[in-house]
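Biologist: I would like to learn how to read a model like this one. Please show me the ligand site, then a few single residues.

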Amino acid sequence: MKLLIVNGVNLNMLGVREPEIYGNKSYNDLVNYILRVAEKEKVQVTVCRSNYEGEIVEMIQSALGKYDGIIINPGAYSHYSIAILDALKAVNLPTIEVHLSDVSKREKYRQVLLTAEASFKVIMGKGFEGYKVAIEEMKKRLGE
Ligand code: DQA
């Protein structure tokens, strides 16, 4: 099972940005956490990240024929990027959207999850662990 894990805008600022919301750990810590979980779960993952919407679209498009599923945290793009939603719909791979914070309890504009329309599951408010839950859910879905 091969999963593409796509992280979006401002997630490189983890550990610096709003630690009361996102915690003190860095983006590198997140990547290492995901790689450890993947190894334990015997899942192959590629973790990528960009601040640019078009680059995220290209990452998603490139998953076609190479990956069995996508786990994505588009960051703020989640709330308004039709382009990312369309890319996810175009490749039509099983997708899970992850948010570190519980966006359902934050500002009104964060409660709109536009890109999540392409996901069979949305995990929020669990911090780094959300990615672990997403990998487990993806294994269930893909029957491995
Ligand atoms: C986020 C939530 C978004 O609203 C925000 O813009 C982010 C991070 C999260 O993981 O909680 O950048 O996606």
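Modeller: Start with a cut-off. A residue is near a molecule if one of its heavy atoms lies within 4 Å of it. Keep in mind that this is a predicted model.

Biologist: Which residues are around the ligand?

Modeller: The shell consists of V9, R17, Y22, N73, G75, A76, H79, H99, L100, S101, V103 and R110.

Biologist: How many of the shell residues are nonpolar, polar and charged?

Modeller: The shell around the ligand has 5 nonpolar, 5 polar and 2 charged residues.

Biologist: Which N or O atoms of the protein should I look at beside the ligand's oxygen atoms?

Modeller: Use the distance again. A polar contact is a pair of N or O atoms within 3.5 Å. In the side chain of R110, an N or O atom is 2.9 Å from a ligand oxygen. For the side chain of R17, the distance from an N or O atom to an oxygen of the ligand is 3.1 Å. A76 uses its backbone: an N or O atom there lies 3.2 Å from a ligand oxygen.

Biologist: How much of the ligand's accessible area does the protein cover?

Modeller: On its own, the ligand has 330 Å² of accessible area, and the protein covers 99% of that. The ligand takes up the space of the largest pocket.

Biologist: Now a single residue. Is N7 buried or exposed?

Modeller: Compare its relative accessible area with the limit. Buried means under 20%. N7 has 0%, so N7 is buried. N7 belongs to strand β1, residues 2-7. The N7 side chain also has a partner: it makes a polar contact with the side chain of Y27, at 3.1 Å.

Biologist: And is I82 buried or exposed?

Modeller: The limit for exposed is over 50%. I82 has 51% relative accessibility, so I82 counts as exposed. I82 is placed in helix α4, residues 82-91. Look at L114 too: I82 and L114 are 32 residues apart in sequence, yet their C-alpha atoms are 7.1 Å apart in space.

Biologist: What should I read from backbone angles?

Modeller: Check the sign of phi and the residue type. N10 has phi near 75°, a positive value in a residue other than glycine. K42 also has a positive phi, near 55°, and is a residue other than glycine.

Biologist: Where are N10 and K42?

Modeller: N10 lies in the loop between β1 and α1 (19-22). K42 lies in the loop between α2 (27-40) and β2 (44-49). Their accessibility follows. N10 is partly exposed at 34%, whereas K42 is exposed at 72%.

Terms used. Residues numbered from 1 in each chain as written. Predicted model: local features only at pLDDT ≥ 70, side-chain atom pairs only at ≥ 80, totals over all residues. Heavy atoms only, no water. Polar contact = N/O pair within 3.5 Å; in protein donor to acceptor, adjacent residues only side chain to side chain. Areas by Shrake-Rupley, 256 points an atom, 1.4 Å probe, with all protein chains shown as cover. 1 Å grid on protein atoms, 1.4 Å probe; cavity = no way out; pocket = protein on both sides within 12 Å on 5 of 7 lines; lining within 4 Å. Sits in = over half its atoms within 2 Å of the grid points. Nonpolar A, V, L, I, M, F, W, Y, C, P; charged D, E, K, R; others polar. Helix = DSSP H or I, 4+ residues; strand = E, 2+ residues; numbered from the N terminus. Buried < 20%, exposed > 50% of the residue type's maximum accessible area, 1.4 Å probe, protein only.
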